[in-house]
Amino acid sequence: SDWHIESVYDDTFALKELARRTDVITYEFENVSVEALNAILPMSFIPQGTDLLAITQDRLLEKSFLETNNIVIAPYATIVSPTDIQDAIDGIGYPCVLKTTRGGYDGKGQYVLKSRADLAPAMDLLREGTCVLEAWIPFEKEISIMVAGNGQGDFTTFPVVENIHHNNILHETIAPAAIDQDVIEEAERIARVIAEAVSLSGV
């Protein structure tokens, strides 16, 4: 490379310099600043846009988006204060998972509640802001699928894979996943619904 720019993800000045030097900008990391990217949209072509990025950075926006597109998700409740948790648990029941709405990865930003004894330590998450309480869904395995779009309504799905975690960190991905054909087809359907809803450009 003849040049490079090194800075933090929300450095608008550095991004504007990048936009000045390039014709097209893409990103592959979900924690890039939406606000910073929006600031350079008039200066450079960002084929992915920022709408999907904004949705995936906020668990409540993400859930609302999925529900709007008739995709079944786990029962959940918005938690703003400690009193909200008990009210939500009365409806959702134990076990359940309290998660921050923003940030969090590899098991961070979440706490599993199995009984009332877990309420006190879970309160620490509320100090980080609004949370979401989700019902615990028993599962046999975790699968994921990638979908690519060209921004013109054409989409291609990649093979469904199985993800194995150790201590909440991805340890191994098996491709293709050993699952029934009807599960594969449902994963592909959901991926395409999401891709179409956001006019996906990229992967």
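**Exercise 1. Find the residue that stands opposite E142, then work out the sheet around this pair.**

Solution. Start at E142: its opposite number is N163 in β8. Keep in mind that you're looking at a predicted model.

Next, look at the strands themselves. β5 and β8 are antiparallel partners, with three bridges between them. Now move to the other partner of the pairing list: strand β8 (residues 161-166) is joined to strand β9 (residues 169-174) by five bridges, and these two run antiparallel.

Put the strands together and you get an open sheet of three strands in the order β5-β8-β9, with antiparallel pairing. Why is one side of β5 and of β9 left without a neighbour? β5 (142-144) and β9 stand at the edges with a single partner strand each, so each has one side with no neighbour in the sheet. Neighbouring strands here are turned by 40° against each other on average, if you ignore direction.

**Exercise 2. Describe how the chain gets from β8 to β9.**

Solution. First, check the pair H166 and I169: H166 stands opposite I169, which is in β9. Then look at what sits in the turn. β8 and β9 make a hairpin, and two residues lie between them. One detail to spot is N167 in that turn, with a positive phi of about 55°.

**Exercise 3. Work out the strand order of the sheet that holds β6, and place helix α7 against it.**

Solution. Begin with one pair of residues: A148 stands opposite T156 in β7. The strands behind this are β6 (residues 147-150) and β7, paired in the antiparallel sense over three bridges.

Now add β10, and the order reads β7-β6-β10, an open sheet of three strands with antiparallel pairing. β7 (155-157) and β10 (201-202) each have a single partner strand because they stand at the edges, so one side of each lacks a neighbour in the sheet.

Last step: the helix. Helix α7 (residues 181-197) lies across β6 and β7, and runs at about 150° to β7.

**Exercise 4. Hunt for unusual backbone angles in the loops.**

Solution. Here's the background you need: most residues other than glycine have a negative phi, and most peptide bonds are trans.

Take the peptide bonds. The one from Y94 to P95 is cis, with omega near -10°, and P95 lies in the loop between α5 (82-92) and β2 (96-100). Another cis bond joins A175 and P176, where omega is about -5°. You'll find P176 in the loop between β9 and α7.

Then take phi. N70 isn't a glycine, yet its phi is positive, near 60°. Look for N70 in the loop between α4 (59-68) and β1 (76-79).

**Exercise 5. Characterise the second largest pocket.**

Solution. Start with the volume: about 380 Å³ of space. Of the 18 lining residues, Y9, L15, L18, I25 and T26 are the closest to the pocket's centre.

Which helix gives the largest share of the lining? That's helix α1 (residues 12-21), with three residues. Finally, sort the lining by class: 13 residues are nonpolar, two are polar and three are charged.

**Exercise 6. Give the domain bounds, and the distance between the centres of domain 1 and domain 2.**

Solution. Read the bounds from the domain assignment: domain 1 is 12-55, domain 2 is 76-135 and domain 3 is 139-202. For the distance, use the C-alpha centres: those of domain 1 and domain 2 are 32 Å apart.

Notes. Residues are numbered from 1 along each chain as its sequence is written. This is a predicted model: local features need pLDDT of at least 70, side-chain atom pairs count only at pLDDT 80 or more; totals for chains, interfaces and linings use all residues. Side-chain values use heavy atoms; hydrogens and water are left out. On a 1 Å grid over the protein atoms alone, a cavity is a set of points where a 1.4 Å probe fits but cannot get out, and a pocket is an open set with protein on both sides within 12 Å along at least five of seven lines; lining residues have an atom within 4 Å of a point. Grid points are joined across faces, edges and corners, and a volume is the space filled by probe spheres set on the points. Helices (H or I, at least four residues) and strands (E, at least two) are DSSP runs, numbered from the N terminus. Ala, Val, Leu, Ile, Met, Phe, Trp, Tyr, Cys and Pro count as nonpolar, Asp, Glu, Lys and Arg as charged, and the others, Gly among them, as polar. Two strands pair if DSSP finds at least two bridges between them. Domain bounds come from an automatic or database domain assignment. Axes are lines fitted to C-alpha atoms, for helices over the stretch in contact, and angles run from 0 to 180 degrees between N-to-C directions. Contact means heavy atoms within 4.5 Å.
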